[in-house]
Amino acid sequence: MKTTPLPQESEQDYGQNPTSIRQTDKYKSEYVHGFVEKWDQLIDWKARAESEGSFFIDELKKRGAKRILDVATGTGFHSVRLLAEGFDVVSADGSPQMLAKAFHNGTNHGHILRTVQADWRWLNRDVHGKFDAIICLGNSFTHLFSEQDRRKTLAEFYAALRHDGVLILDQRNYDAILDEGFSSKHTYYYCGDNVKAEPEHMDEGLARFRYEFPDGSAYHLNMFPLRRAYVERLMREVGFQQIHSFADFQETYRTDDPDFFIHIAEKRYHDEPEDSKVSAPPAAPTGAAVKPKL
Ligand SMILES: C[S@@+](CC[C@H](N)C(=O)[O-])C[C@H]1O[C@@H](n2cnc3c(N)ncnc32)[C@H](O)[C@@H]1O
């Protein structure tokens with residue numbers, strides 16, 4: 001049988017003017033082999049699971065969700081965790097390299113992942129059936145650079161959910177970085193100081209982060225700095241009836257601005273939408289050292 005080779009993975013290439021790269025399609029070439037391998041080696045899944053606790057699993061179980069679509073599978077961390085908890089999981093991602101890595105990681109953990117290569121903007125073309133929940137985790141939604149792409153993606157997520165399904169989507173707290181000014185930029189440490197991440201350039205249209213590893217190698221990601229209220233508004237406008245937002249302090253344990261927000265958007269019809277408010281953070285387990293969210 002003739003097999004089609006995966007596209008060749010080269011090193012990252014942002015050209016002469018990296019801050020001019022603000023395109024949704026760029027994600028496919030950003031997660032190059034070296035970056036992904038290093039990340040997975042340094043941030044072991046056990047530590048990540050301990051750090052994350054059972055927040056997502058509890059929320060899914062509380063809502064009776066069984067059939068889950070992981071739309072940002074990445075290297076497979078959440079798909080594998082949910083499979084281990086007995087959920088029925090379909091693992092999608094737009095990057096074939098990520099899916100290959102996820103499948104490999106899955107088999108190492110005793111699971112065969114059901115993978116589908118699908119870009120969110122045309123998700124329902126490639127992923128069929130309805131789901132009780134969609135998870136889009138690890139600060140993934142930030143890869144969309146145009147409002148049209150964000151709206152289309154949320155509409156595709158909405159359509160793939162059952163009538164009472166939920167979307168669980170997280171995002172970095174870009175408001176804090178944008179509003180406090182670039183001079184007060186925050187450095188994030190993962191797994192002790194194995195991975196150091198800091199914003200290298202910030203404006204209302206671009207968050208360019210630099211990720212540095214102990215061997216001195218460095219990689220970048222160009223992302224769109226999503227404001228929390230904006231994401232919640234888009235979710236409402238697409239049709240989600242109620243959005244619960246949680247503050248997540250687990251990277252730094254600060255008590256003022258959280259590092260991440262987690263939104264749980266409900267499709268189920270409510271007569272009167274609630275005002276948006278941020279709920280108490282999910283409890284961080286003591287001693288947790290790592291919460292990798294690119
Ligand atoms: C930051 S990684 C997060 C991976 C994983 N959820 C985690 O937490 O480790 C973002 C993932 O989203 C995927 N992605 C970004 N934009 C996408 C799009 N438009 N359609 C499908 N997948 C996309 C990338 O390929 C990548 O695997």
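Visitor: In which sense, and over how many bridges, do E6 and strand E7 (residues 195-203) pair?
Guide: The model is a predicted one. One of the bridges joins Tyr190 to its partner in E7, Val195. E6 and E7 pair in the antiparallel sense, and the number of bridges is three.

Visitor: Which strands stand at the edges of the open sheet?
Guide: The open sheet has four strands with antiparallel pairing, in the order E6-E7-E8-E9. A strand at the edge has a single partner strand, so one side of that strand is left without a neighbour in the sheet. From one strand to the next, the twist averages 25°. The edge strands are E6 (188-190) and E9 (218-223).

Visitor: Why is strand E11 (residues 260-266) largely enclosed by the rest of the structure?
Guide: E11 pairs with strand E5 (residues 161-172) in the antiparallel sense over seven bridges, and strand E10 (residues 242-248) also pairs with E11 in the antiparallel sense over seven bridges. The enclosure itself follows from burial, because E11 has seven residues and the number buried is six.

Visitor: Which residue of E11 is the bridge partner of Asp170?
Guide: E11 has bridge partners in two strands, E5 and E10. Asp248 is bridged to Phe260 of E11. For Asp170, the partner in E11 is Ile262.

Visitor: How many residues of the shell around the ligand are charged?
Guide: The ligand is surrounded by 21 residues, and the closest are Gly74, Gly94, Ser95, Gly138 and Leu294. Within this shell, eight residues are nonpolar and 10 are polar. The number of charged residues is three.

Notes:
Residues are numbered from 1 along each chain as its sequence is written. This is a predicted model: local features need pLDDT of at least 70, side-chain atom pairs count only at pLDDT 80 or more; totals for chains, interfaces and linings use all residues. A residue is near a molecule or strand if its C-beta atom, placed from the backbone, lies within 6 Å of it. Ala, Val, Leu, Ile, Met, Phe, Trp, Tyr, Cys and Pro count as nonpolar, Asp, Glu, Lys and Arg as charged, and the others, Gly among them, as polar. Two strands pair if DSSP finds at least two bridges between them. Axes are lines fitted to C-alpha atoms, for helices over the stretch in contact, and angles run from 0 to 180 degrees between N-to-C directions. A residue is buried if 20 or more other C-beta atoms lie within 10 Å of its own, exposed if 12 or fewer, and partly exposed in between; C-beta atoms are placed from the backbone.
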